[in-house]
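Got the viewer open? Load the model, show it as a cartoon, and keep the selection box handy.

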Amino acid sequence: MADHRISHIDLDDSTILWRNADVEQERRVAIFDLIEENTFKPVRSAEKGATGPYTLGLSVRDDRLALDISDAQGAQLETIMLGLARFKRPIRDYFAICDSYYQAIRKATPQEIETIDMARRGVHNRAAELLVERLEGKVETDFATARRLFTLICVLHIRG
């Protein structure tokens, strides 16, 4: 029986130069939520008989996102490379709105926090839709999985 999901995820920490406690918490939550519930079916590997679950390694190589997909025993199945040019603006916008959100949590009114959080979710949702689009034909996934993956893509782009 096929189990097309991610069971373990690794981030290439060598690309992450700095992250604060807020970002570290988002990373932990995104990984935890992703492992708990996700849909992830690498099309080429599934066509060759892979049934999951999968280990996913995320890294940035030559300004491209590398998704290294292995089976549960650690055997490499495939690597999917995605250009990051179309993600630069959503990543930049997401960082900016997150900074505003973290500052607001400390001193803004509940209404101001809610307004900023709605904007943050909007940016995040649009980026997740873009990721689903970019993965089309390569990985079958759902919106919730794409949202969590986008969070992790952002973590890989923190430069301090």
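What follows is a short walk from the overall fold to a few residues worth selecting.

First, some ground rules. This is a predicted model, where local features need pLDDT of at least 70 and side-chain atom pairs count only at pLDDT 80 or more, while totals for chains, interfaces and linings use all residues. Residues are numbered from 1 along each chain as its sequence is written, and side-chain values use heavy atoms, with hydrogens and water left out.

**Whole chain**

Start with everything selected and colour by secondary structure. You should find five helices and six strands; these are DSSP runs numbered from the N terminus, helices being H or I with at least four residues and strands E with at least two. Following the sequence, they come in the order β-α-β-α-β-β-β-α-α-β-α.

Spin the C-alpha trace: along its principal axes it spans about 55 × 30 × 25 Å. The radius of gyration is 16 Å, which agrees with the value near 15 Å for a compact globule of 160 residues (taken over C-alpha atoms; the globule rule is 2.2 Å times the number of residues to the power 0.38). Of the 160 residues, 45% are buried, meaning under 20% relative accessible area with a 1.4 Å probe, protein chains only. Contact here means heavy atoms within 4.5 Å, and among contacts between residues at least 6 apart in sequence, 64% join residues at least 24 apart.

**Strand S3**

Now select residues 54-61, strand S3, and pick out Thr 55. Buried or exposed, this Thr 55? At 18% relative accessibility, Thr 55 counts as buried. Beyond its neighbours within four places in sequence, Thr 55 touches His 8, Asp 10, Asp 68, Ile 69, Ser 70 and Asp 71.

**H4 against H5**

Next, bring up helix H4, residues 110-135, and show Leu 131 as sticks. Leu 131 is buried at 2% relative accessibility. Its contacts, leaving aside neighbours within four places in sequence, are Leu 82, Phe 87, Ala 146, Leu 149, Phe 150 and Ile 153. Draw a C-alpha distance from Leu 131 to Phe 143: the two are 12 residues apart along the chain and separated by 9.0 Å.

Add H5 to the view. The axes of H4 and H5 come within 8 Å and cross at roughly 105° (axes are lines fitted to C-alpha atoms, for helices over the stretch in contact, with angles from 0 to 180 degrees between N-to-C directions). That makes the pair roughly perpendicular, a label for angles of 65 to 115 degrees. The residues of this contact divide into nine nonpolar, three polar and three charged.

**H3 against H5**

Swap H4 for helix H3, residues 88-107, and keep H5, residues 143-156: they pack at about 85°, axes 10 Å apart. H3 is therefore roughly perpendicular to H5 as well. Show Pro 90, Ile 91, Tyr 94 and Phe 95 in H3, which meet Phe 150, Thr 151, Ile 153 and Cys 154 in H5.

**The cysteines**

Last stop: select Cys 98 and Cys 154. How far apart are their sulfurs? They are 7.2 Å apart, too far for a bond, and Cys 154 holds the closest cysteine sulfur to that of Cys 98. Cys 98 is buried at a relative accessible area of 5%, and Cys 154 is buried at 2%. Across the whole structure, a search finds zero disulfides (pairs of cysteine sulfur atoms within 2.5 Å).

How values were computed:
Angles under 35 degrees count as roughly parallel, over 145 as roughly antiparallel, 65 to 115 as roughly perpendicular and the rest as oblique. Buried means under 20% relative accessible area, exposed over 50%, partly exposed in between (1.4 Å probe, protein chains only). Ala, Val, Leu, Ile, Met, Phe, Trp, Tyr, Cys and Pro count as nonpolar, Asp, Glu, Lys and Arg as charged, and the others, Gly among them, as polar.
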